[in-house]
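Visitor: Could you walk me through one part of this model? I'd like a close look at a single sheet, and at whatever surrounds it.

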Amino acid sequence: MRCRLDYCLIHGLLLDSATTSRGTVLNSNGTITVNLGSLPRSATATVTLIVRANVGTSGTVTNAAPVSGRETEVTVINNTSQATTVLEPQPASLSGFVYVDANNDGNFDSNELSIAGVTVTLIGTDTLGNNVNLTRQTGVDGAYRFDNLRAGTYRIVESQPTTHRDGKDTPSKTLTAVTTNDQFANITLSAGTNGVAFNFGELRSQLSKKDFLASSTAAQQRVGTSQQLKVVTVPPPKSVTAKKTK
Ligand SMILES: [Ca+2]
Ligand SMILES: [Ca+2]
Ligand SMILES: [Ca+2]
């Protein structure tokens, strides 16, 4: 029995390679014809097509593989095999940091500290019309990240940490956004895009005199804090002298 197998690539799919364990492969503008040659009864052949989807290609693809032979056909219904593949677009992401902006310049400088446990929310609508509402907490490095997003329009909202005063918010340099306090809005995210460094800067809370005195010793021992807290050593009043106890 001589067999032939035909396969058509759908729009958005590019053929990387086509191989067969028997016979030959011909690719003519996306129509792949595999001539399996003479195939003995019960023999098998494996045809492997590796295709690449364009970024953003999505949908359901039905691959049909009809086989034809030269012999008189007895059972036509089993001459075609088909399989369905669901194509997901390449996922996108949005991420950034919450940090102590010690010099209040809107940049997360290398000597500045991160803030963990801050709630950041992603709100939006993807290109399929699905509403998106996700919440993340910043990690010990101050980072938050929303992964596996579909293309769509999003905004990122920070819940102001009560431990700090509000600081400057700096959007990503690679994606445009409308920035208002603690919010980056109107972010148009394409498939496969990673929007990074949507950063929320915060300022240290001002200490009361009591808190300052209580924390000054500890503050001197913490790296990075001594530059923000001026520690003053007050000499004892000269009029006070130690009394001898009898
Ligand atoms: Ca800074
Ligand atoms: Ca803030
Ligand atoms: Ca802010």
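Visitor: Before that, what is the mean pLDDT of the protein, and what percentage of its residues reach 70 or more? Then, in which order do the five strands of the open sheet come?

Guide: The mean pLDDT is 82, and 77% of the residues reach 70 or more; pLDDT is the predictor's confidence in each residue, on a scale from 0 to 100. This is a predicted model, so local features need pLDDT of at least 70 and side-chain atom pairs count only at pLDDT 80 or more, while totals for chains, interfaces and linings use all residues. Residues are numbered from 1 along each chain as its sequence is written, with chains lettered from A and ligands numbered from 1 in the order in which they are written.

Now the sheet. The protein has one helix and 17 strands, where helices (H or I, at least four residues) and strands (E, at least two) are DSSP runs numbered from the N terminus. Five of the strands make an open sheet that reads β10-β9-β12-β15-β14, with antiparallel pairing. At its edges are β10 and β14 (178-180), each of which pairs on one side only. From one strand to the next the twist averages 15 degrees; the axes behind that value are lines fitted to C-alpha atoms (for helices, over the stretch in contact), and angles run from 0 to 180 degrees between N-to-C directions.

Let's start at the β10 end. Strands β9 (119-126) and β10 (131-137) run antiparallel and are joined by seven bridges; two strands count as paired if DSSP finds at least two bridges between them. T119 has Q137 as its bridge partner in β10, and T125 has N131. Four residues sit between the two strands of this hairpin, and there G129 takes a positive phi near 90 degrees. On to the next pair: β9 is also joined to β12 by seven bridges, again antiparallel. T125 turns up here too, with T153 as its bridge partner in β12. As for what holds such pairs together, strands of a sheet pair through backbone hydrogen bonds, either parallel or antiparallel.

Two members of the sheet, β12 and β15, also feed the largest nonpolar core. A nonpolar core is a set of buried Ala, Val, Leu, Ile, Met, Phe, Trp, Tyr and Cys residues joined through C-beta atoms within 7 Å. This one has 21 residues, among which L94, I156, I187 and L189 touch the most other members. The elements that give two or more residues to the core are β8 (92-100), β11 (143-149), β12 (152-158) and β15 (183-189), and β8 has the largest share, with six. For a single residue, take L189: leaving aside residues up to four places away in sequence, L189 touches A92, L94, L149, A151, G152, Y154 and G195. (A contact means C-beta atoms, placed from the backbone, within 7 Å.) Across the whole protein, 17% of the 246 residues count as buried.

Not everything in these strands is buried, though. N186 lies in β15 and is exposed, because 12 other C-beta atoms lie within 10 Å. (The cut-offs: buried means 20 or more other C-beta atoms within 10 Å of the residue's own, exposed means 12 or fewer, and partly exposed is in between, with C-beta atoms placed from the backbone.) Phi of N186 is positive, near 55 degrees, and N186 isn't a glycine. N148, in strand β11, also has a positive phi near 55 degrees, and it's exposed because it has 8 C-beta neighbours inside 10 Å. Most residues other than glycine have a negative phi.

One loop leads into the sheet. N107 lies between β8 and β9, and it's partly exposed because 15 other C-beta atoms lie within 10 Å. N107 and N199 are 92 residues apart along the chain, with 8.2 Å between their C-alpha atoms.

A last word on where to be careful. pLDDT stays under 50 over residues 214-232, for which the model has 14 contacts beyond four places in sequence. It also stays under 50 over residues 239-246, for which there are zero such contacts.

Notes:
Contact = placed C-beta atoms within 7 Å.
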